[in-house]
Amino acid sequence: MENKFCIYNTLSRTVETVIPNEDGKIAMYTCGPTVYHYAHIGNLRSYIMEDILEKALRYIGYDVKRVMNITDVGHLSSDADTGEDKMLAGAKREHKTVMDVARFYTDAFFSDCKKLNIKRPDVVEPATNCIPEFIHMISVLLEKGYAYQAGGNVYFDTSRLEDYFVFSSAVEKEQLQVGVRDDVDEDPNKRNKNDFVLWFTKSKFEDQALKWESPWGTGYPGWHIECSCISMKHLGGRMDIHCGGVDNIFPHHTNEIAQSEAYLGHKWCNYWFHVHHLNDKSGKMSKSKGDFLTVSLLEEKGYDPLVYRLFCLQSHYRKPLEFSYEVLDNMTAAYEKLVKRIAELNGEGETDAEAFADYRNRFMEYLCSDLNTSMAVTVIYDLLKADINDKTKLALIADFDQVLSLNLTEAAARLKEAGSGVDAELESYIKDRIAERAAAKKEKDFARADAIRAELLDRGIAIKDTREGTVWEKIS
Ligand SMILES: [Zn+2]
């Protein structure tokens with residue numbers, strides 16, 4: 001591959017060149033949503049950036065396979081295996097069954113994704129589809145001595161690993177080992193503080209709606225096991241890039257690595273891509289704080305979801321991003337201005353192959369530099385100013401939009417149509433008449449050619465013959 005794609009790897013804490021396990025191919029996994037509520041736009045920031053990552057990899061020529069789970073069981077309200085199952089809480093809140101809640105919010109999630117131009121991953125697998133896979137992996141972990149049963153549950157034994165805190169520095173490790181969170185009730189069945197549940201049978205959640213038979217009794221899986229199993233089911237035992245929000249680093253991704261590598265006996269995933277928080281002025285935004293910000297709420301307030309996408313692209317994924325309606329207003333103005341400038345371009349002339357390749361390389365270089373999306377967007381502004389013909393500019397913008405997915409060409413076409421007061425039907429009528437007139441002129445039937453010109457003028461369309469051919473404009 002000609003272009004070296006570099007991203008920051010949370011595992012090595014450095015920007016690294018991505019070297020896939022299989023040449024030209026990328027196996028990529030994304031932790032999917034827990035479908036008990038609408039997605040918060042803060043979570044959707046991660047999905048937007050992961051979408052850009054996937055599209056950038058495809059753009060530079062990789063064959064990408066991307067897998068995502070849907071968490072529809074086992075995700076408790078606290079990451080420390082306590083609290084209520086989020087799905088059950090959602091069902092109680094809405095007086096629906098857990099499966100109805102899961103279906104409803106899975107659809108809502110993908111509807112939001114569609115509005116944000118987030119491509120659906122190649123494989124989307126709900127956790128409840130994979131119970132036999134979970135049971136198999138847990139059985140192997142027990143056989144290998146990495147798991148134990150206590151109080152009816154099956155736990156992963158973190159003390160069996162040489163380095164459980166793979167993402168953490170020495171100082172952080174100490175804090176994680178010592179620190180006990182005040183809001184968490186310690187589970188007395190755990191041998192070590194950081195051990196986590198692989199399978200629940202007995203717990204305080206006796207009214208758990210979804211339960212399955214297992215060798216350890218009727219119960220349900222822990223949250224972390226699903227990502228290990230679902231990724232291996234579709235991507236095999238070696239993965240290139242695993243994505244998520246920074247929230248997932250500990251304990252979720254730490255636990256995923258612990259159980260996957262204990263199960264496999266070798267390294268599982270080479271690159272870990274994490275997207276930072278969306279904040280407001282007072283700090284991290286969440287479902288429980290202030291306005292519950294969803295894509296629908298933004299739409300109700302009159303914002304185009306793609307403006308939110310542009311807002312995310314204007315900042316680096318490794319920096320916290322501060323949200324405010326004011327910033328979104330500015331972004332709306334920037335988006336509209338950009339679309340207007342694109343609408344002013346006319347698609348005449350020949351594409352300049354050299355300029356096309358030059359700008360395409362610049363765009364690609366930014367994507368390859370730890371996914372520098374804000375600089376990639378500036379390439380559009382540079383080329384709009386550049387001394388190259390409009391046809392080339394339009395071709396480049398359409399090309400870049402394969403990755404940026406801001407519907408720039410479509411929005412410009414809509415604006416043009418609205419501005420010219422000509423609908424698609426009239427436009428095609430005009431083009432037909434112009435072609436007919438050209439044919440008449442070729443046959444030296446000037447009377448017919450003039451009649452067509454007059455006919456168009458009657459409908460408020462003036463035509464003009466130029467060196468590049470006949471052009472038209474609406475005059476009334
Ligand atoms: Zn996960």
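Strands β7 (residues 153–156) and β8 (residues 196–200) pair up in the antiparallel sense, with three bridges between them; strands here are DSSP runs of E with at least two residues, helices are runs of H or I with at least four residues, and both are numbered from the N terminus. Two strands count as paired if DSSP finds at least two bridges between them. Across from Val197 in β8 sits Tyr155. The two strands belong to an open sheet of four, ordered β6-β7-β8-β9, with antiparallel pairing. At the edges are β6 (147–150) and β9 (220–221), each of which pairs on one side only.

This is a predicted model, so local features are taken at pLDDT of at least 70 and side-chain atom pairs at pLDDT 80 or more, while totals for chains, interfaces and linings use all residues. Residue numbers start from 1 along each chain as its sequence is written.

As for the overall picture, the protein has 16 helices and 16 strands. Its C-alpha trace spans about 95 × 50 × 40 Å along the principal axes. Of the 476 residues, 38% are buried; a buried residue has 20 or more other C-beta atoms within 10 Å of its own, an exposed one has 12 or fewer, and a partly exposed one falls in between, with C-beta atoms placed from the backbone. Among contacts with a separation of 6 or more, 74% come from residues 24 or more positions apart, a contact being two residues whose C-beta atoms, placed from the backbone, lie within 7 Å.

Back to strands, which in a sheet pair through backbone hydrogen bonds, either parallel or antiparallel. Towards the N terminus, β1 (residues 6–9) and β2 (residues 14–17) pair in the antiparallel sense over four bridges, and Cys6 faces Thr17 of β2. These two strands make a hairpin with four residues in between, and Arg13 in the turn has a positive phi of about 55 degrees. Strand β3 (residues 25–30) is largely enclosed by the rest of the structure, because five of its six residues are buried. Six bridges link β3 to β4 (residues 63–70), this time in the parallel sense, and Thr30 has Met68 as its bridge partner in β4.

Another open sheet has three strands in the order β13-β12-β14, with mixed pairing. Its edge strands are β13 (283–284) and β14 (321–322), and each pairs on one side only. Strand β12 (residues 278–280) pairs with β14 in the parallel sense over two bridges, where Asn279 has Glu322 as its bridge partner.

Two packed helices are described by the angle between their axes and the distance between the axes. For α15 (residues 424–442) and α16 (residues 446–458), the angle is about 160 degrees and the axes are 8 Å apart. The axes are lines fitted to C-alpha atoms, for helices over the stretch in contact, and angles run from 0 to 180 degrees between N-to-C directions. The pair is therefore roughly antiparallel, a label for angles over 145 degrees, with under 35 being roughly parallel, 65 to 115 roughly perpendicular and the rest oblique. On the α15 side, the contact is made by Ile430, Arg433, Glu436, Arg437, Ala440 and Lys441. On the α16 side, the residues are Phe446, Arg448, Ala449, Ile452, Arg453, Glu455 and Leu456. Sorted by class, the contact has six nonpolar, no polar and seven charged residues; Ala, Val, Leu, Ile, Met, Phe, Trp, Tyr, Cys and Pro count as nonpolar, Asp, Glu, Lys and Arg as charged, and the others, Gly among them, as polar. In the loop between α15 and α16 is Lys444, a residue other than glycine with a positive phi near 60 degrees. Lys444 is exposed, with 9 other C-beta atoms within 10 Å.

Asn407 also has a positive phi, about 55 degrees, although it is not a glycine. Its place is the loop between α13 (390–404) and α14 (408–420), and with 17 C-beta neighbours inside 10 Å, Asn407 counts as partly exposed. Within α13 itself lies Ala395, which is buried, with 20 other C-beta atoms within 10 Å. Leaving out residues up to four places away in sequence, Ala395 touches Thr351 and Phe356. Ala395 and Asp352 are 43 residues apart in sequence and 9.7 Å apart in space, C-alpha to C-alpha.

One peptide bond deserves a mention: Phe250 and Pro251 are joined in cis, with omega about 0 degrees. Pro251 lies in helix α7 (residues 249–264).
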